[in-house]
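Me: Please take one part of this model and look at it closely, saying first where caution is due.

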Amino acid sequence: MRYGRVAGVLLVICLSGIVDTVAADSMGHGQSSIQLENAWARRTPPMAHQEQGGHGGSALNSNNSAVYITVRNHGSEPDVLLSAATDAATTIRLDETVEKDGLMVMQPRPQFDVPAGGSLAMKPGSYHIMLLGLKRALNPGDVVHVTLIFQKAGEMFVDAPVK
Amino acid sequence: MRREYWRWVVVICCGMAAPMVWASAQFAGQALVPPPPPMDFMLQAADGSEFRLSQQRGKVVVLNFGYTFCPDVCPTTLAALSQVRTRLGAAAKRVQVVFITLDPERDTPERLGIYVKAFDPTFVALTGNAEHLAQVRNLYGVIAEKEMDAGISPEYLIAHSAYTYIIDLVGQLRLLFPFDMSIEEMSDDISQLMRG
């Protein structure tokens, strides 16, 4: 009887975990006011990753891409995205595409601000998380695991499906 | 009474016709009026063949400059241009999208070919020697600058102008599409251009 109740509680915990992972997992400080939505990574054309036989990847056989996430802040205080990490690329960078004297420039940003009660929408031609030197091709159906570090919400994980 | 009725008919018809005339000359993209004389060039296609712009007469040529290591801007544009072709339906047969590399050092013909065909099998990618590529960039006023200090040495990114150049059926550069144009606006402009 008691085991049944424990199992029930565990089941509820597991299910809530599954529901959580649809949006994002928070390993942060308890209840997070940050919600991650619409995460996606751009697919890469079928370059020479496979042809290389899997040994590393010189610049010529590598590729770059980007991850886009909408970060929503339900809290009453602003938060800051400080950094991002992934196992899919050798370098990851918070970036904003800006137009400067007629040129589209990738501008590295030390942080992304997420206003209280507002959101930061990453999208092509704007804020994005740049993936440089991909370790594998990104094909539709794959996911890119991304870890985000927020000043207040702490560490959060998101799986960005490749589109 | 009858005369007054006709007066209103005339007023209403003029009112309806005016925006149609106005709309026929309106493009969402930046129109070049008058268009500059046709600017021809020849470069090497990814499949090794020679590509000459003047041989594309009868097609609207949609010209874009970029590089295959481009993380954000170029793939966004190429994906959008593929959707523009889809939206144009049968008329897309008379639209040729051409992607010219800004990075001939890393963009080998093979790499370029694979890259553009992943967006749309009808896309053509062009390269050439540095001098020829620079001449073509100058024709269209394209600026590109290597960013070596991007903190990702030995790799680099390229800051570049992100316009798409629209050349009409008789080889004249007619429109510039800025980066932020919607798929609907781009396809409407191209169909309008094809109607003449």
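Reply: Over residues 9-29 of chain A, pLDDT (the predictor's confidence in each residue, from 0 to 100) stays under 50, and the model has 23 contacts there beyond four places in sequence, a contact being two residues whose C-beta atoms, placed from the backbone, lie within 7 Å. This is a predicted model, in which local features need pLDDT of at least 70 and side-chain atom pairs count only at pLDDT 80 or more, while totals for chains, interfaces and linings use all residues. Residues are numbered from 1 along each chain as its sequence is written, and chains are lettered from A and ligands numbered from 1 in the order in which they are written.

Residues 49-59 of chain A also stay under 50, with twelve contacts beyond four places in sequence. Where pLDDT is low, the predicted coordinates should not be read in detail. For chain A as a whole, mean pLDDT is 82, and 72% of residues reach 70 or more.

Chain A meets chain B through 25 of its own residues, which are in contact with 24 residues of chain B. On the chain B side, α2, α3 and β8 (157-160) each supply at least two residues, helices (H or I, at least four residues) and strands (E, at least two) being DSSP runs numbered from the N terminus. The most comes from α3(B), with four residues. By class, this side of chain B has 14 nonpolar, four polar and six charged residues, where Ala, Val, Leu, Ile, Met, Phe, Trp, Tyr, Cys and Pro count as nonpolar, Asp, Glu, Lys and Arg as charged, and the others, Gly among them, as polar.
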